[in-house]
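This report goes through a multi-chain model, from its chains to their interfaces and the core. The sequence and structure come first.

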Amino acid sequence: MLELNRVNSYYGRIHVLRDVSLRVGAGQIVTLLGANGAGKTTTLRTIVGLNRSAANDIRFEGEPLGAIAPYRIVERGIAMVPERREIFPEMTVLENLELGAYRRRDPVGVAADLERVYTMFPALAERRGQAGGTLSGGQQQMLALGRALMSRPRLLLLDEPTLGLAPLLVGEIFATLTRLHGEGLTILLIEQNANQALGISSYGYILENGAVVLEGESARLRDNPSVRASYLGAA
Amino acid sequence: MNRTAALAGLGVAALVVALAAAPLYLPAYPLFVLSLGLVYAVAVLGVNLVMGYAGLVSLGHAGFAAVGAYVAAIAMTKLGLSFWIALPLGGLAAAGCGVVLGLPSLRLGPLHVAMVTFGFGWVIVLIAQNWLDVTNGPNGLAVPPPRAFGRDLYAPDFHVAVVAITIVLFVLAGNLVASVHGRAFKAIRESELAAQAMGVDLAFYKTLAFALGALFAGCSGALFAALSHFVNPDAFHFGVSILYVTVAILGGMGYLAGSALGGVLMAVVPEVLRGTGEFKDLLTGSLLLALLVFLPHGLAGFADRRGWLPRRPTPPAIEAVAPRIAPNAVRAAGSDDTPLLAVERLTVRFGGLTALKDVSLAVRRDEIVGLIGPNGAGKTTLFNAVTGLYRAAGGAVRLEGHDLGRLAAHERTRLGLARTFQSPELFRELTVLENVLVGAHTGQWPGLLASTLGTPRTRRAEAAQRERARALAAFTGLAQWVDRRAEGLSFGHQRMLEIARALAAQPKLLLLDEPAAGLTSAEAEFLMALIRRIRSELGVAVLLIGHTMRVVMGLSDRIVVLDHGERIAEGSPADVRTNADVIRAYLGARHA
Amino acid sequence: MELFAQVVVSGLTLGSLYALVGLGFVVIYRATGVVNFGHGEMLMLGAMSALVLHVDMGLAYVFAFIIAVAGAGLLGAALERIAYRPLRFAPAVTVILATVAVGQIIRAAVRLVRGSEVSRFPSPFSTQPFTVAGVTLTPASIGIAVTSILLVVAFLVFFRRTRLGKGMQATAQNREAATLVGVSTDHTFMLIWAIGSALAAVAGILLAPLIIITPDMGIIGVKGFIGAILGGFSSIPGAVAGGFLLGVIENVGGVYVAGEMKDAIAFVVLLLVLFLRPQGLFGKPESRRA
C-alpha cells in the first residue's frame, strides 16, 4: 500500500534520510524503530510532505505522492498522529475530533464515526466539552488518535504514541491499535518501545543515522541481539 | 596589510578630505544638504546599533532625535548654554530615554518592544506639539547658531564641525562594534540563547544598545537643531522613524558604511525627487517593501557577500598546539574528594508536569560522564537546570562545593560551566573566529570606555584573544575555516565550532548535548579523539548526553541513566548495557 | 454626573469603532502572527472608496458599502499572496516593517489620486440629537455602535461555529496539526487577511460621517491597535473590550484631564500597559521559563 524507494531527506544542510526504502502492505502493522535522532520522525514527515523534495519516490496505493501539498494528504486516505500529540489546545474535545473530519462531505458518516471514537475512548466521551489543553497526556494521545481516525484513513501513521505515558496507558494504546488493525486499518508505527511494537506488528525496520540497517519479520527481530545493539551499543 | 585594505583606507581618507573641504567647492544649498546628510547618518547609525548590531527593534527612533534636538534647543535658548555643552546634554537626555525604553526588551519579545518604541515615538511628538510653554508647540523654537572662536557659525562654517563630529562618532562606534562589546551585541542578535550560555549579560547589553542608539540619535537631533536653526515637531514624526529604518536597511544593517550611505541618501534623494510631489512617499514605501523581500541585507550586505568589502587579513594557519590554550591548571580550593559538579536531588517542574524528580549525579575533575535515557527522559532538562536556563523546584546544583542557587546562566558560565546544544546554536552570520571569540566573553577584556576609545591596550587584548581563538579553532579541526561564516560550515564542522566556542570560556566542566548526533562515522571518530584530548590536555571534565552509543559508551568512564525524569541506573558502560532496568526503559517490557 | 454619563456614552460609541478596528488586528495576529501596522490605511481606503462610490459616483449607500468592503477584502488577500507570503519565515521585525511599508504605499497612492483634499461623508443615519435619561444621542452614533457590535458578533459566530472559522482557529493554534487534518495554511492566511482588511474597511466607512476624510485618517487604526493591546492581543473578546474601554478612557480623560493632549492619552495608555502588564487586561501572560 505504501512504498518508499531510496528516499532522501534533508534538514537544511543535514542529510537526515539516506536512501531509505520500506514497504507497508495493505492490512499490515509495520513498525519503524531506532534510537533517537535516527530519522524515524523525518521518515513520517517526508511521507506527508512536511519535509520533502519532489524528487522522492513515494507511492501510496500505486499513485506517487511526490508533488502533493501536505494539506491534501489526508484526502488521499493517510492520517498522521504526530509526536507529542499536537492537538488544538483551545478547542474542545468535540471540536478537535470534528476537525479530523475537516475534509469530509458526509455528515452522516462523520456522526457515525464520532460515535465509534467515543465508544473506543470513553474518557473522551466524558470530556467532550472540555478544552483539549486541559486533558492529561494520555487523554490527549487518545484525542490525537481519535482525531486521526475521524478522517476514515486507510493508512495511519503514528509517531511514538506512548511517549511519556505511564505503563498502564501504554498497554491500552497498544490494545487499541491491535483492535483497529483487526478492523482492517493499515498502520505504520514509530516507537522507541521496541518490544511492544514488535509484539503487535508483522514487519519491522531499524533505522540508524538515517539509513535502514536492519529489517525483517517482527517475530525474528524480537530475538535479534542487533536490535538491542542499535539502541545500547554492541556488547 | 593587504592591498584591498590599503586601497580602502586611502579611499576613506580621500572621502573625508573631500567632505571637509566641501565649502570650498559646493554652493550654499547643496552644502547644506550634505551637512544634513551627515547629521542624518549619525541618527541612522543609532538605528543601526540597536537594530542592525543588537538585533532589537526601534520604530520610534525619531523620538530620540527629537529629545536631543529639543533639549539642546532649550539649553541654548532658555538656559543660554553654549552649543558645545548643549550637544552632549541632548545626547545624554536621549540616552536616558533609551535606557528606559530598553527595559521592556529585557522581558518581552520583539513584537512588544516594537510597540513600545512605536508608542514612544508618537508620545514625544505629541508632547512637542502640545507642551506649549516649553516647546512652543507646532510653531517650534528658533535656535541660535553655535559660537566658536568668537563668531557665529552658520551652515558653511558649521559644516566642518559637522564633519568632524560625525567622523568622531563613527570612529568611536567603529571601535565599539569591533570590540568584545560589539561582538556581544551581534551574539545577542544571532542567538540570545547561545549568547547567554557564553556568559553575555543580556540585560546589560540590551540596555546598552538602546542607550547608545538613543545617544547617537540625540546627538543627531542636537546637530540638526544647530544646523537648521529651527526645531519643530514636524521633523520627528513616525514617517521619519520609518525613513531612518528604511535607509538603514538600504545602506546595510550591521555595517557602519551602510549607515553613512543611508544618511546621505536620506538627505540627498528627496532633493533629487523634489519635483515629483506625491510620488516620493510612494517610492519610499515601495522601496522599503522591495528591500525587505529582495535585499534585506542592504547594499553593504550585498557587497559583503560578494566579497567586495575589504576584510581583515588572515594570518597563516597555525598548528593545533595544545599548550597555547592555557590548560586548566587552576585547581579549585577544597579537597580532591569534592566533586566538580554535584547535582543533589534536583527537581524541575513545568506547570503540572514533573520533568526531573530527585535526580542526583556527580562529575569529578578528571571524568567523562555519560548521560543517557530514552526520548523525553529529561536529559536536556537536566542540562538546562544545571546551566541556569531553567529554575529548579527542588534540590541543588553545586560547582566545586558552592551552591549555584539562582545564579543566571551567564554568571554560571563565568564560574566554569560551558555547554553545547542539541542542535547547534551558532552565531550564524559571524565567522568561526568571531564565534569562538564570543565564547571568550567571560575572559579578561577592556571595559566599555577603553574599547570605545580604541586604546593600545584594547588592541593588544584583542590580538591576544584572537590568537587564542585561532588556536582553539585549530584544536577542533577548523584551522582553515576561521574566516568562514558559521552558517556556511558543514554540519560536522558546526558541531566542532560549538565545542571550540565553549572551550573559549575556559570551563572547568563542559556539558555536551548530543555532540555526535548527525555526524558521519569519520566525524564521530574525530569527536571522540577530541573529547579525550579535552580531558587529558586541557584538564576539562565532560558531561555528555548521547544517543550514539558507540560514542557515549566508548568515551564515558561512568554512565548515568535517566527515564521519565528519574535516575534508574548508574555504572560503567558494561554494567549499564546489561542492566535490566535500562534495557526495559529503552526497549520496553517483553510480553510474557 | 450627567456630563460624566454623556462622556462615557460618547466614549462607548467611539470605542465601538476602536473595537471593530482592533478586532481586525487581532484576527490577523492570532492566526498569522503578523501585527499589521498598515491596518489604519486599509480603514482609510474603505472610507475613501465608499466616498468615491457614494458621493462622487452617486451609488446608493448600501452598494457603495458592499463594494468598498469587498474591494478591501480582495486587496487584503492579494497583499498576503504578494507581499507577506514571501516573508512568512522572515524575522518578526521584517514583517512588521513590511506592513508599515504597505500602509505607506496605500496612503501615498490615495494621496496621488485624490490629493490632500478634505472631504465630508454624509451620514446614512439621521444626526438629529435626542435625549434619553439626561444623555444626548444621535441615531447616527447608535447606528454606528449597533453595526459595530453586530459585526463583532457575526465574526465571532463565524470564527467559533463554522467549519471555515474552526479551520482558522486550528491554524492559529497549531499550524502543522491543522495541515495534517487538511486545512490549507495558504488559503487560510489569505482568507484571514481578507476578513481583517474587510473589517478595517467597514470601520472606516462607519467612521466616515464622524470625521474629516483625508488620506491621513488611518491614524485611527493606531487607536484600535492600542485598544486591542489594552484588552489583550491574545484574546479576541479581550481586544474588543479593550477598544470600548479605550474609547471611554480617551473621552473621560479628554474632558476632565488633558484637553488638547487628548490624542496623547491613548499612547500613554499604550506605554503603561506595555510596561506594567504587557499581556493586556484580559490576556494571558506569555509563558517563560526560569
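The text below treats chains A and B, the two faces of chain C, and the nonpolar core.

**Chains A and B**

The model is predicted. Two of its chains can be set side by side in a table.

| Property | Chain A | Chain B |
|---|---|---|
| Secondary structure | 10 helices and 10 strands | 25 helices and 14 strands |
| Span along the principal axes (C-alpha) | roughly 50 × 40 × 30 Å | about 90 × 55 × 45 Å |
| Buried residues | 48% of 235 residues | 53% of 592 residues |
| Contacts with a separation of 6 or more that join residues at least 24 apart | 67% | 76% |

For chain A, the radius of gyration is 17 Å, which agrees with the value near 18 Å that a compact globule of 235 residues would have.

**Domains of chain A**

Chain A is divided into two domains: domain 1 takes in 1-77, 154-161 and 186-235, and domain 2 covers 82-152. In chain A, the centres of domain 1 and domain 2, taken over C-alpha atoms, are separated by 25 Å. The contact between these domains of chain A takes 7 residues from domain 1 and 7 residues from domain 2. On the side of domain 1 of chain A that touches domain 2, helix H2 (73-76) and strand E7 (155-159) of chain A each supply at least two residues. By class, that side of domain 1 has 3 nonpolar, 1 polar and 3 charged residues.

**The two faces of chain C**

Chain C touches both chain A and chain B, and each contact is taken in turn. With chain B, the contact takes 34 residues from chain C and 33 residues from chain B. On the side of chain C that touches chain B, helix H4 (92-114) and helix H11 (262-276) of chain C each supply at least two residues. H4(C) gives the most to this side, with 16 residues. The class count for the side of chain C that touches chain B is 27 nonpolar, 2 polar and 5 charged residues.

In the contact with chain A, 15 residues of chain C meet 21 residues of chain A. Helix H6 (163-173) and helix H7 (175-180) of chain C each supply at least two residues of the side of chain C that touches chain A. The largest share of that side, 5 residues, comes from H6(C). By class, the side of chain C that touches chain A has 5 nonpolar, 8 polar and 2 charged residues.

**The nonpolar core and helix H11 of chain B**

The largest nonpolar core has 373 residues. Those with the most contacts inside this core are B:Ala72, B:Ala500, C:Leu23, C:Ala47 and C:Ala201. Helix H11 (residues 202-228) of chain B gives the most to this core, with 17 residues.

H11(B) is largely enclosed by the rest of the structure, because 22 of its 27 residues are buried. At 1.5 Å a residue, the 27 residues of H11(B) should span 39 Å, and this agrees with its end C-alpha atoms, which are 39 Å apart. After H11(B) comes B:His229, whose phi is positive, near 60°.

B:Ala500 was named above as one of the core residues with the most contacts. Apart from its neighbours within four places in sequence, B:Ala500 is in contact with B:Val436, B:Leu472, B:Ala473, B:Phe475, B:Thr476 and B:Leu478.

Note on methods. Residues numbered from 1 in each chain as written. Chains lettered and ligands numbered in written order. Predicted model: local features only at pLDDT ≥ 70, side-chain atom pairs only at ≥ 80, totals over all residues. Core = buried A, V, L, I, M, F, W, Y, C linked by C-beta atoms within 7 Å. Buried ≥ 20, exposed ≤ 12 C-beta atoms within 10 Å, placed from the backbone. Helix = DSSP H or I, 4+ residues; strand = E, 2+ residues; numbered from the N terminus. Nonpolar A, V, L, I, M, F, W, Y, C, P; charged D, E, K, R; others polar. Rg over C-alpha atoms; globule rule 2.2 N^0.38 Å. Expected span 1.5 Å × (residues − 1). Domains from an automatic or database assignment.
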